[in-house]
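Thanks for asking for a second pair of eyes on this model. Here are some notes to read alongside the structure.

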2 protein chains.
Amino acid sequence: MSGIHLPSEIEVVNVGLSLFADEVREQGRPVIQVDWRIPAEGDPKLVAALGRLYGRHSPAIDEANAEVARRLDKGSPKLVEIEPAAKVVPGVDDRTILHSGPAIVWEEMCDPLRRSVRAAVMAEGWAGTPDAVDDLVAHGDVRLEPANHHAAVVPMASAIGPTAPMLVVDNEAGNTRAFSSINQGPGEVAWFGRETPAAVERLVFLREVAGPLFADCLREADTIDVFTLASQGLQMGDEMHMRTQATTNLLIRSLLPQLMSLDNSRSVELGRFLASNHLFYLNLAMAGAKSLTLWAEQVEGSSVVTTMSRNGTTYGLRLPGNDKWFITDSPPVGKAIYYAGYGPEDGAPDIGDSAVLELCGLGGSAAAASPAVATFVGGTMRDAIALTEDMYRVCVARSSRFKLPALDFRGTPIGVDVRKVVELGIAPKVNTGILHARDGTGQVGAGVAEAPIACFRDALLDLDRRLTG
Amino acid sequence: MSGIHLPSEIEVVNVGLSLFADEVREQGRPVIQVDWRIPAEGDPKLVAALGRLYGRHSPAIDEANAEVARRLDKGSPKLVEIEPAAKVVPGVDDRTILHSGPAIVWEEMCDPLRRSVRAAVMAEGWAGTPDAVDDLVAHGDVRLEPANHHAAVVPMASAIGPTAPMLVVDNEAGNTRAFSSINQGPGEVAWFGRETPAAVERLVFLREVAGPLFADCLREADTIDVFTLASQGLQMGDEMHMRTQATTNLLIRSLLPQLMSLDNSRSVELGRFLASNHLFYLNLAMAGAKSLTLWAEQVEGSSVVTTMSRNGTTYGLRLPGNDKWFITDSPPVGKAIYYAGYGPEDGAPDIGDSAVLELCGLGGSAAAASPAVATFVGGTMRDAIALTEDMYRVCVARSSRFKLPALDFRGTPIGVDVRKVVELGIAPKVNTGILHARDGTGQVGAGVAEAPIACFRDALLDLDRRLTG
């Protein structure tokens, strides 16, 4: 833990519960409150593991963590093309549907994810109705696969069929390639857990119009450096998870000559779609982040999380050098604002692969960059800054490219260390949308989800076992 | 002046020079420093006038100021069309060149403005070379008019001929209409004081391509609410004078369907122009601000400035209810960053009509909104906030639409009161570019210009004479 510099006139330092400090303050004497809790809530197994992981294993872990952080910080993802999933994503065959979160069987999928799978299957033309999809799935005719097992990440309740156009992002520094779908935009859409004809139609539009035409633009344009745009967006109020408006707009203006050169009867539809979709950049940022975690996870013996993902039923982590998932129940989104007429009882548990952003210095880590996000987390920039401050406490490094104006242009926190999360009991904060849990309404709110500590503890104990032998 | 709330443990309050306070601080005793100077530097005439304007005239002035501030705050400028200057701008005939700043004869124009006039005349086809323009002007064949006398505002060294396409902005609330040119973009351009073939070509491009095609888009689009977009841009790092990147991008994304619908062989040129011009919104914001000051200046007996403008030679102010200009020399741009190889000796004095933004809660008033501007004024957000804080001290109200995230979403200061400027000796801060003073290089830097106090003093004395009779 880092040192605390006390002003010289302080007479009382209080550590732990603030009741005592409050009493001293009432007596008019200067006091400083240090937030301290019993490490790992005093669990003997965890405390012993922490002892080893901060003790004799520490030099090796710190070295590995520094390399993981370097890769998360120095990878340089570029958008290189847009192609159908089956053509470019490894291991995707003509019956594969990729979904967000850890692996999960159909019966255990949450309602919005199931609806999204149905929309994807209907968009592929394998079935004409939701019931027919259910029959197909029951007969084992659909292969459900976590996107994360195929170098891909998809937001919220996205489910992606083999003909879906995928953003292809290369991180040359690490020779890694990652994928994401094209963001489906607002309204009646499958990634919000809808299976209506309009939601299916949007997927068909992405395949038939948006994907191919945007790919045409890319072929005519300079390579798009995903995180150079994102770092500019961070100076313009995006934290790149809830809010990607500025970065989306930077991308669109930079591609304006190519967009305006399109010679296609449907190009105006693409114009309308882009004009209405301020989250267009979200998926690109996610693919960029994934290309970095794919590089970082090749490091052995690190305690820094390289996969963090949810499917609305379970929440999963992975550590570098290890394929093992640490899984627990996906929690509700705690700090949330609901649309009028909806409340916590309507919200599905936390869902989506987008938490990959929080591992790379974006999203909750960059909350302090975003006035718009501030309104979701308390109303002032101080509330947004507090989110980021919590992330600093559990991270091992600072981004050299994502800078926070509100914190004197300090780099955002990167590299979530399971040791710190378990020791301090501080969960990573993930900015996210909230979907209706049952009735296919779609998005009903947005907020900040806390990752469940349980899977960090499991990951920590496993790391300890692997290192201690 | 507003009350100061002192913490109870303060033992010494120091008013005025900080030397004494520094000494007390060194002795380790709590001290608070209050920045106070002798009002109006003790000038007896000014002090007497201030006495009357803050005294018996105060209720009437405060009432007028409140109405001026209401108009600056509540006007709702809309971009309605783009048409050639001679067609829409009142009083522009086929030999008129509109220029920035107060009225000025050719011989006294600064070098960059003269070059810009030459480029405008050549773009009109009245002369083929800079020398031929000089002959025309010498023979009285060009009518040089301040844009401000024609309900128009133009940035930096802009000079606008009768065929130049003008943004037409209506403030329905006040039944006022204002105009600005289309921003000429970066590089070898007349508004930066260049007269080269490329600079002339850009003006022709605006007339032949950008103006008509953008006008086509407007006809197909919803009306553009100038300050609704600007208020969003303020949450995205624009202060709307040095930096209009976010707002430009918002505008472009909202017009994307119309831009992509253009059926014209030259539309891609428009695309390239817009992709390269992050200051496109500057002129639109200026026209919006001018439409408000035109409404506000109809109020009688106010001490709030409604014209503030410079031509690189002189600096001028006007107060409401009065056509009289208060003129002094245009100062150099004080706090500045120069491009490599240039310094203060190369910079022309402050120039352009863009200071109209600072009267309406934008530019220097909104510096605290902009991380990019912070880098020009000291490097941290605190430096940018200090600029805005200075503007609060000389303004009468706060904007209800332009909010500052860094100051808990407080509205930006609006309504610069000559009484406060003269009393406190605090000049309005204007964010601006810097042009080469002599050789036609174009822009050589950017910085913050302080308005010269002299013209505020003259305006104050004139207001006192008018009210005291």
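The points below go from confidence and overall form to the pairing of the chains, and then to a few places inside them.

1. **Confidence.** Please keep in mind that this is a predicted model. Chain A has a mean pLDDT of 93, with 92% of its residues at 70 or more. For the complex, the predictor reports an ipTM of 0.90 and a pTM of 0.92.

2. **A stretch to treat with care.** Over residues 1–7 of chain A, pLDDT stays under 50, and the model has three contacts there beyond four places in sequence. Where pLDDT is low, the predicted coordinates should not be read in detail.

3. **Overall form of chain A.** The C-alpha trace of chain A spans about 75 × 50 × 45 Å along its principal axes. Its radius of gyration is 22 Å, which agrees with the value near 23 Å for a compact globule of 469 residues. Of those 469 residues, 56% are buried. Among contacts in chain A with a separation of 6 or more, 72% link residues 24 or more positions apart. The secondary structure of chain A consists of 16 helices and 18 strands.

4. **How the two chains are related.** A turn of 180° with a shift of 0.0 Å along the axis lays chain B on chain A, with an RMSD of 0.0 Å. That is the relation of a two-fold axis. If you want a landmark for the axis in chain B, look for M236(B): its C-alpha is the nearest, at 2.1 Å. Both copies use the same surface, as 100% of the contact residues of chain B recur in chain A.

5. **The interface.** Which residues meet where the chains touch? In chain B, 29 residues are in contact with 29 residues of chain A. On the chain B side, α9 (245–254), α10 (256–261), α11 (267–276) and α13 (371–374) each supply at least two residues. By class, that side of chain B has 18 nonpolar, eight polar and three charged residues.

6. **Helix α8 of chain B.** Is this helix mostly covered or mostly open? Seven of the nine residues of α8 (residues 226–234) of chain B are buried, and the helix is mostly covered. The buried residues are V226(B), F227(B), L229(B), A230(B), S231(B), G233(B) and L234(B). Their packing partners in chain B include the strands β3 (77–84), β7 (165–171), β9 (224–225) and β15 (395–404), along with the helices α9 and α12 (280–296).

7. **M242 in chain A.** Follow chain A into the loop between α8 (226–234) and α9 (245–254), and you will find M242(A). M242(A) is buried, with 25 other C-beta atoms within 10 Å. Leaving aside neighbours within four places in sequence, its contacts are V373(A), F376(A), N431(A) and A446(A). M242(A) and S370(A) lie 128 residues apart in sequence, while their C-alpha atoms are 9.4 Å apart in space.

8. **Strand β18 of chain A.** Two of the contacts of M242(A), N431(A) and A446(A), come up again here. Strand β18 (residues 443–450) of chain A is largely enclosed by the rest of the structure, because seven of its eight residues are buried. Strand β13 (residues 335–338) of chain A runs antiparallel to β18(A) and is joined to it by four bridges, with I337(A) opposite A446(A). Strand β17 (residues 429–435) of chain A also runs antiparallel to β18(A), joined by seven bridges, and N431(A) stands opposite V448(A).

9. **A three-stranded sheet.** Chain A also has an open sheet of three strands, in the order β5-β4-β6, with mixed pairing. Its edge strands are β5 (143–146) and β6 (159–160) of chain A, each pairing on one side only. Strand β4 (residues 96–99) of chain A runs antiparallel to β6(A), and two bridges join them. Here H99(A) stands opposite A159(A).

10. **I61 in chain B.** To finish, look at helix α3 (residues 58–74) of chain B, where I61(B) is placed. I61(B) is buried, with 21 other C-beta atoms within 10 Å; the cut-off for buried is 20 or more. Setting aside neighbours within four places in sequence, I61(B) is in contact with L53(B), G301(B), S302(B) and S303(B). Along the chain, I61(B) and E81(B) are 20 residues apart, and their C-alpha atoms are separated by 37 Å.

Terms used: Residues numbered from 1 in each chain as written. Chains lettered and ligands numbered in written order. Predicted model: local features only at pLDDT ≥ 70, side-chain atom pairs only at ≥ 80, totals over all residues. Least-squares fit on C-alpha atoms with pLDDT ≥ 70 in both. Contact = placed C-beta atoms within 7 Å. Nonpolar A, V, L, I, M, F, W, Y, C, P; charged D, E, K, R; others polar. Rg over C-alpha atoms; globule rule 2.2 N^0.38 Å. Buried ≥ 20, exposed ≤ 12 C-beta atoms within 10 Å, placed from the backbone. Pairing = 2+ DSSP bridges. pLDDT = per-residue confidence, 0-100.
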